[in-house]
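Please read the points below alongside the coordinates. They cover the nonpolar cores, the cysteines and one sheet.

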Amino acid sequence: MNYLSVENLSVNFGEKVLFEDLTFGLSKGDKVALIANNGVGKSTLLKILAGKDIPNSGTIEVRNGIKIGFLAQAPDFNEDITINELIGSFNPTLIEVIREYEKAADEQAANFSPATKKTFVEAMHVMDASKAWDYERRLKQILTKFNITGLDQKVGELSGGQKKRLALGMALLDSPDILLLDEPTNHLDLDMIEWLEGYLSQSHITIFMVTHDRYFLDRICNHIIEMEDRKIYHHDGNYEYFLEKREEREIAMKTEISKAQKLMKKELEWLRRQPKARTTKSKARIDAYYEIEKVARSGKKERRIKLDVKMSRLGGKILELKKVSKSYGDLKILTEFDYTFKRGDRIGILGNNGVGKSTFLNIITGLVPADSGQVIPGDTIVYGYYTQNGLEFKPDRRVIDIMTDAAEVITLSNGNQMTASQFLEFFMFPHKMQRTLVEKLSGGEKRRLYLLTILIKNPNFLILDEPTNDLDLLVLNKLEEFLINYPGCLMLVSHDRYFLDKLADHLFVFKGDGEILDYYDTCSSYRQSMIEAGKLERTQTSSKNREKKKSATRDKPTKRVTYKEKYEHEQLEKQIELLEEEKKILEKDMELHAIDAEKMLELSDRYNIVNSDLDKKTDRWLELSEKIEQS
């Protein structure tokens, strides 16, 4: 069933043409990815399909009754309202039905009477008729999955990442027929990404998206649309298939251009030999020559540079950690951690927010002292440390000024030197853009510039904390090419599994409570081992629970569950969710304030209170759950 059709769509801004004569369609169950370089109009196309923008020409037809959900790259919300109000305005009728049911339930619990019972039963019937039960379940599930808490806070108080997750949650919540997603994995951790993969892989969901996450793209999409040089190419398959077909096309194009160039030389010689008087046949041959010339000159000018840098000399002793411990109050980050770094180490760091990844990096680089143990750096070690906080740029500075302030040249292993301007060009800052003021750059371009100021200094121990955020596929490939050839020690914190698999063959997995797993394999291998371990644990737990239920049935008389107990069970469920979300927020805050000891102590005290309360409420919830199951 065809949902959406696009015919001859064109967009331009004055002389700048983004794309022209685009034609494609979406049918039920299609999962399509759009791949193109920066500046060719990917986000603009998504806005047009969502009805948020208008093309210069062309038509878009949407089947009657089809509902479209849209996730923008930078969501635009009313920042003066609360999250609850925003969700309420999204589907006001359904939200009102749910609110009336909750009000009736509260009144019946507080004052049980025939009148309150009647109101409660009527509210239940309305919930059934509106199919609101599933909406509430999905609302809780999605908000929990995307770590959206504190629903009474104003939208304007949220960070950019929280707004993006909230927008994604709302797009999924309404169960649209078509989902238009612009970089849906930005600001999601690994667990969130894997949950989203499973959700979007359902056969009935139709998707058109832009993403830089290659595993995510590869596992979800069955069709890829590529935009290049104002043309559109269709690839029926996933990301790996697209790479194969694009390479085949480029080889065929180079062969065609080579043939055209040889033929053009031959025809040019004929033209020069001809007299001024032209016959009809000669004119036709002249016209054919210009067509050949057009093909011959259509090839891209490629400058292939292998960035094999000449880094600072790395001595025999690099960095040694001996019995290093660190904690903030009762929150343990490291417990007698030992490791001696070796030449060529390429280590990826995994772990949830709040377990101490950033604190660990700060201890290594000397920004945060350890409580005990020794951190012994070698005499020749030169750190390059890219942090999530980024770098503050003066807005009146140009891109090239920022780079030359960091270093004017980078020395390659063969002794040749690359200027700051050439280095910028390699990482997709063309010469014209280098004269641009920093204040005019996008957030992603500023992060990329900050990354380059780290790389150009030729460190021999490189530490990158979430470097892939806001980078497109082309820039990511350039960064990976640079890091593959990087000869020093490399440490990476990233949620991009493809990036980690390609560059890290050794993991430090932060498990929490000071425990770090030293795992010698790739990120994908570790995640698979965790899946298998989880299956085994669930099987064992399920078996134990069945035995407990049988024993409880034999040994205890069945007790009727009261309404108050059911209500308490439901309220505990809500309270536990809120405590879990507060715990996650505290963990994130502890990552951000890892250098501030006073703030860390304050956060860890609250963390311990929340954790204790969570344990007590969970125990009571389990007790009631068991009683309800037996009744």
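**Notes on a predicted model**

1. Leucine 166 is in contact with Phe77, Ile83, Leu86, Ile148 and Leu158, with residues up to four places away in sequence left out of the count. Leu166 is also among the residues with the most contacts inside the largest nonpolar core, a set of 53 residues. The others named for this are Phe146, Leu168, Leu172, Leu181, Leu196 and Leu200.

2. Another core, of 46 residues, lies apart from that one. Its members include Phe423, Ile454, Leu455 and Cys523. In soluble globular proteins, nonpolar side chains tend to be buried together.

3. How many disulfides does a search of the whole structure find? The result is zero. As for individual cysteines, cysteine 221 counts as buried because its relative accessibility is 5%, under the 20% cut-off. Cysteine 489 is likewise buried, at a relative accessible area of 1%.

4. An open sheet is formed by three strands in the order 11-10-13, with antiparallel pairing. Strand 11 (331–340) and strand 13 (372–377) are its edge strands, each pairing on one side only. On average, and ignoring direction, neighbouring strands of this sheet are turned by 20 degrees against each other.

5. Strand 10 (residues 319–328) and strand 13 run antiparallel and are joined by five bridges. Opposite serine 325 stands serine 372, in strand 13.

6. Which helix lies across strand 10, strand 11 and strand 13? Helix 11 (residues 357–364) does, and runs at about 135 degrees to strand 10.

Technical notes: Residues numbered from 1 in each chain as written. Predicted model: local features only at pLDDT ≥ 70, side-chain atom pairs only at ≥ 80, totals over all residues. Heavy atoms only, no water. Pairing = 2+ DSSP bridges. Helix = DSSP H or I, 4+ residues; strand = E, 2+ residues; numbered from the N terminus. Axes fitted to C-alpha atoms, helices over the stretch in contact; angles between N-to-C directions. Contact = heavy atoms within 4.5 Å. Disulfide = S-S within 2.5 Å. Buried < 20%, exposed > 50% of the residue type's maximum accessible area, 1.4 Å probe, protein only. Core = buried A, V, L, I, M, F, W, Y, C linked by side-chain atoms within 4.5 Å.
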